Amino acid sequence: MSELVYLDHAATAFPKAPGVAAAMSRFLEQEAGNPGRGGHRLAVAAARRIETVRAAAAGLLGCAPERLFFGPGATYWLNALLNGWLPPGGRVLVSALEHNAVMRPLRHLERRLGLEVEVLAGEPGGALDPSTVRRATRARSTDLVVIAHASNVSGLVQPVEEIARAIAPVPLLVDGAQAAGARPFAFDDSAVAAYVTSAHKGLLGPPGLGLLLLAEGRRLSPLLRGGTGSHSESEEMPEAWPDALEAGTPNAVGIAGLGAALEWIEGQGLETLSRRSSSLVCEVRERLGEVPGLRLHGLRPVDEAVAIVAFTVEGEDSGELAAWLDRNWGLALRAGLHCAPAAHRCLGTFPAGTLRASFGPLATAADARRLVEALVARLEDRHR
Ligand SMILES: Cc1ncc(COP(=O)(O)O)c(C=O)c1O
C-alpha cells in the first residue's frame with residue numbers, strides 16, 4: 001500500500017493541527033469533569049478549559065466570546081437557526097451553492113411551514129453580486145438570506161461582508177463550514193447576523209463540534225432543551241448565555257482539541273496559512289489545466305476561492321477514478337456530489353459529480369505533484 005496523500009481536507013482536516021490529539025488525551029486524563037456540574041476541581045478545570053477555548057475561538061473569528069456558542073456541529077447550528085428564525089409562510093433566499101446542511105432543513109420547513117425558498121442563480125458558477133441579492137430581498141418581504149461563505153464543491157468565496165451590508169436590515173446567515181480558518185474573517189466587523197462553522201475542517205480540530213456566532217442584538221430560541229448545570233431548581237431553560245443555547249453535557253474533549261488547533265493556527269498566522277494553500281492551488285490548477293482530457297470546474301481567481309480544485313476526466317467515472325487514485329497512488333480525494341446537489345446543478349456537473357482535491361495547510365508541493373503525476377499516468381495508460 002503506498003503512503004497516504006490526503007487531499008480531502010474539505011471533508012475533514014487530516015492530519016489535525018499538531019497538538020490536537022495530545023490536548024484531547026491530556027484533557028481526558030487530567031481535566032475531564034462535567035463542566036458547570038459541581039464545584040469540585042475536575043468540573044472547574046473542564047469549565048475553565050471551555051471558557052479559555054471559547055475566548056480563543058472568539059479571538060480568531062473576531063467575535064465577542066459571550067456571543068460564541070459550542071454545539072455538536074455546523075449542521076446542528078444551521079438547523080437551530082433555520083428552525084428558530086423562519087416564520088410560517090416566510091421567505092428565504094439562498095445561494096445556488098448551498099450544502100444539504102442548509103437545503104435539507106429548508107426543504108423540510110418548506111413543507112412544514114409553507115416556506116418560500118428561492119435560489120439566487122448569480123453568475124455562471126454561482127458567484128453573487130451584493131446588488132443582485134439586495135434587489136431580490138426588496139422584491140418581496142424577505143425573512144432571511146443564507147449563503148455559504150465558501151463552496152465545498154468549487155471553493156468559491158462569496159462576498160458575505162458586502163452582501164450583509166447591502167441587504168440590511170434583512171438578516172444574513174453565513175454557513176462558514178469551509179471558510180473559517182481558511183481565510184481571515186472578523187465577524188463583529190461585519191453586518192452578518194449569524195455565522196456557523198465546524199471545528200473539524202479549516203479550524204483543524206476534532207469532529208463532533210460546531211460553533212455559532214451571533215451578532216449583537218440577535219436572539220435564538222434553543223433547538224434542544226435540557227440540563228445546563230445552572231438554575232437546576234427550574235424546569236425552564238435559563239435565559240442567560242451561553243447556557244440558554246448549550247443544553248446537555250458539552251463535548252469538552254473536542255473543545256480541548258480545538259483549543260490546541262487554534263493555538264497552532266495563531267502561531268502560524270492565518271494569513272500565512274491561507275497564502276500557502278492559495279499558492280499550492282495555483283500550481284495544481286496550472287498543472288492540471290495542462291492535462292489533456294481533464295476539465296476544471298467552477299474556476300475563480302485564487303483570492304476568491306478556498307483551496308479546493310474540482311475536476312472531471314473525459315471518459316472516466318469520478319468514483320472509479322478516485323478509487324484507482326487511492327489504490328495505486330495512495331491519493332485520498334472525494335468523488336461525487338459532496339452533499340451539495342444544488343452546487344453541482346449550478347456548475348453543470350449534476351448528477352455525475354466531480355472529483356475534488358482539497359488542500360489543508362500541511363499539504364505540500366510534493367502532494368500536488370503526485371496528484372498531477374497520477375492523473376497523467378492514468379491518461380497515458382488509457383492511450384497505450
Ligand atoms: C459548506 C458546508 N456546510 C455545512 C457542512 C456541515 O458540516 P458538519 O458536517 O461538520 O456539521 C459542511 C460539511 O461538509 C459543508 O461543507
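In strand β8, Leu213 is the bridge partner of Tyr195; helices (H or I, at least four residues) and strands (E, at least two) are DSSP runs numbered from the N terminus. This pair belongs to the antiparallel pairing of β7 with β8 (residues 210-214), which extends over five bridges; two strands pair if DSSP finds at least two bridges between them. The model is a predicted one, in which local features need pLDDT of at least 70 and side-chain atom pairs count only at pLDDT 80 or more, while totals for chains, interfaces and linings use all residues. Residues are numbered from 1 along each chain as its sequence is written, and side-chain values use heavy atoms, with hydrogens and water left out.

Strand β7 also has a parallel partner, β6 (residues 172-175), with three bridges between them. Here Leu173 stands opposite Ala194 of β7. How many of the five residues of β7 (194-198) are buried? Five of the five are, where buried means under 20% relative accessible area, exposed over 50% and partly exposed in between (1.4 Å probe, protein chains only). Ala194, Val196 and Ser198 point one way from the strand, and Tyr195 and Thr197 point the other way.

Ser198 of β7 also appears among the residues around the ligand, together with Ala74, Thr75, His99, Ala101, Asn152, Asp175, Ala177, Gln178, His200 and Lys201; a residue counts as near a molecule or strand if one of its heavy atoms lies within 4 Å of it. The side chain of Asp175 places an N or O atom 2.6 Å from a nitrogen atom of the ligand. For His200, a side-chain N or O atom is 2.8 Å from a ligand oxygen, and for Lys201 the corresponding distance to a ligand oxygen is 2.5 Å. Taken alone, the ligand exposes 390 Å², and the protein buries 84% of that (Shrake-Rupley method with a 1.4 Å probe; for residues, only the protein chains shown count as cover).

A second place to look is Arg67, in the loop between α2 (41-61) and β2 (68-71). Arg67 counts as buried because its relative accessibility is 9%. Its side chain makes a polar contact of 3.0 Å with the side chain of Asp188; such a contact is a pair of N or O atoms within 3.5 Å, and within protein one must be able to donate a hydrogen and the other to accept it, with residues adjacent in sequence counting only if both atoms are side-chain atoms. The Arg67 side chain also reaches the backbone oxygen of Leu214 at 2.9 Å. Beyond neighbours within four places in sequence, the contacts of Arg67 (heavy atoms within 4.5 Å) include Phe187, Leu212, Leu213 and Trp241.

Farther along the sequence, an open sheet of four strands follows the order β9-β10-β13-β12, with antiparallel pairing. Strands β9 (294-297) and β12 (334-336) each have a single partner strand, so one side of each is left without a neighbour in the sheet. β9 pairs with β10 (residues 308-313) over four bridges, and His297 has Ala310 as its bridge partner in β10.

Gly348 offers a contrasting case, in the loop between α10 (341-347) and β13. With a relative accessibility of 62%, Gly348 counts as exposed. Its C-alpha atom is separated by 38 Å from that of Trp264, 84 residues apart along the chain.
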